[in-house]
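This report goes through one model, from helix packing to single residues. Please keep the sequence and the structure in view while reading.

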Amino acid sequence: MAEEGQQMTPEQVREMQEKLSKMSPEELREFQKKNCIFCHIISGKVQSKKIYEDDKVVAILDINPANPGHILVLTKEHYSIMPQIPENTVKYLGIIAKQLSRSVLKTLKVEGTTIFIANGTAAGQRAQHFIMHIIPRAEGDKLGIELKPGNISEKDQMILLDALRKKIASPAGLNEEDNDRGSQEKDIEEEKTRGEKEEQLIKEGLDNEKEEENQESDDGEKQGQEYDGEKKRGLEHELGGADIEIEKPKKVQEAEIKENPKRINKKKFGKKDKKISKGRNKESKEKKERADLNDIADLLAGRI
Amino acid sequence: MGEDCELCRLSKSKMKIYEDGTFFAVLSPKPSFHGHAIIIPKKHYPILEQVPDKDISEMFSLANKISSSLFEIMNIQGTNIIIENGIAAGQKFPHLSIHIVPRTENDGLNLDWKPKQLNEEEMSTVELKLKEVMGTVGITEVEKDKPIKIEEKVEKIKDDGDNYLLKQLRRIP
């Protein structure tokens, strides 16, 4: 799958690092797109075996497949990792995975398929462009994609569980965030371009990201508290039409705010904190960008 | 099905992250890594192809959400989202599940495969075979919103002798 590139000399790497350090996040994104081999494949500049294309995704055959019929599904827009991809496209990817898997099973007469997504180099992501793999499987092919069971203490699991539940809202909350995406997308995108170099970023960024989380998840926290009460409402939402789902949660929230005026005060305090934290974040953003640019340069060195 | 299926039994687990009418998400009882989560549809679908489009799209959306939440909560450097579709793919229970596995450098999990080299002929035959069936791809089962029909009710006026409206019309000025 990986293209064989020429390795850069240390001097060239240093030059690249200097260039990158002077670029803004938007310029960095453009730079990535220009050097992304998969963006070139999508635009047709580089030859490939395209088997399916529409306005959101392109499916090509892997040149070095794990098994014959190994399909790579690419998003037409350049996204590095799945969290950057908008909600609608993620949903569409699920449907495409199912349909391509069905096609593979029928035509190539294999015994199974593996759908595989890697976010981050630690997960096995070898390219800067988001890829979903659809790999045909045969019994005993010993590909190595096996999840081995392990043991984690229940205490650790419960701590993580509480944190996760708060993050992931009830059904009403999920729809709410779809609506808010339009206004928050730009902020989220900027955040997550940095998120591409996860190694340093997550270690350094955990403290700062928590402050930024408060901006996004104010609504989510409320609904996390209301989780049990809203389960039943959530079922109704699922059964109703798309438009109705979006309307109901807002009305529910408004009603809650009227009943509990104290919450409004909490919101105000929250906003003040945000203002303070934004200032801090700007400084740390710059630091992060510079720190991560070394990694970008190294990655690109392998590609160019 | 039902009680025999271990994944169906997980619907009663204490480790549920999320639940709604069609599917639920739990922390794996035997995690490959701390934070290993599984999304399971409530209905007993054995393989991916049997899950309705609407459900699979929602499950993918949740998988993405859990993946980004894990990034924020834990000190990890990556996540894998894996669907084992079929026994040959390593599916242990005849019930579809989506695995979300957090990853760090040198965590001991090896999910890499060895790429093979196929010659041009083999690649071309595979390409042609797949292209033939691509007509079915891209058509979603999710119904688009139907346009609202505004029915104009035309009331037929009954032509009774008593109808005052008609009487007015027939009045000789």
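At what angle do H4(A) and H2(B) pack, and how far apart are their axes? The angle is about 125°, and the axes lie 8 Å apart. Axes are lines fitted to C-alpha atoms, for helices over the stretch in contact, and angles run from 0 to 180 degrees between N-to-C directions. Helices (H or I, at least four residues) and strands (E, at least two) are DSSP runs, numbered from the N terminus.

This is a predicted model: local features need pLDDT of at least 70, side-chain atom pairs count only at pLDDT 80 or more, and totals for chains, interfaces and linings use all residues. Residues are numbered from 1 along each chain as its sequence is written, chains are lettered from A and ligands numbered from 1 in the order in which they are written, and side-chain values use heavy atoms, with hydrogens and water left out.

**Helix packing between the chains**

H4(A) and H2(B) are therefore oblique to each other. Angles under 35 degrees count as roughly parallel, over 145 as roughly antiparallel, 65 to 115 as roughly perpendicular and the rest as oblique. H4(A) passes H2(B) in a right-handed crossing. Right-handed means that the near helix is turned clockwise from the far one by less than a right angle; anticlockwise is left-handed. Contact means heavy atoms within 4.5 Å. On H4(A), the residues that meet H2(B) include A:Glu87, A:Val90, A:Lys91 and A:Leu93. Their counterparts on H2(B) include B:Asp53, B:Ile56 and B:Phe60. By class, this contact has 6 nonpolar, 5 polar and 5 charged residues. Ala, Val, Leu, Ile, Met, Phe, Trp, Tyr, Cys and Pro count as nonpolar, Asp, Glu, Lys and Arg as charged, and the others, Gly among them, as polar.

H4 (residues 87-108) of chain A also packs on H3 (residues 120-132) of chain B: the axes come within 9 Å and cross at roughly 120°. That angle makes H4(A) oblique to H3(B). The crossing is right-handed. A:Ser103, A:Val104, A:Thr107 and A:Leu108 touch B:Val126, B:Lys129 and B:Leu130. These residues divide into 4 nonpolar, 2 polar and 1 charged.

**The two chains**

| Chain | Helices | Strands | Residues | Buried |
|---|---|---|---|---|
| Chain A | 10 helices | 5 strands | 304 residues | 48% |
| Chain B | 4 helices | 5 strands | 173 residues | 51% |

Buried means under 20% relative accessible area, exposed over 50%, partly exposed in between (1.4 Å probe, protein chains only). Along its sequence, chain B reads α-β-β-β-α-β-β-α-α.

**Buried and exposed sites**

Helix H2 (residues 25-35) of chain A buries A:Leu28, A:Phe31 and A:Gln32. Seen down the axis, these residues fall within an arc of 100°, so they line one face of the helix. The arc is that of the directions from the helix axis to the C-beta atoms. The face turned away carries the exposed residues A:Glu26 and A:Lys34.

B:Leu118 sits in the loop between strand E5 (98-103) and H3 of chain B. B:Leu118 is buried, at 19% relative accessible area. Beyond its neighbours within four places in sequence, B:Leu118 contacts A:Pro65, A:Pro68 and B:Met123.

**Positive phi**

Most residues other than glycine have a negative phi. A:Lys109, not a glycine, has a positive phi of about 50°. A:Lys109 is exposed, with a relative accessible area of 72%. B:Asn106 has a positive phi of about 55° and is exposed at 79% relative accessibility.
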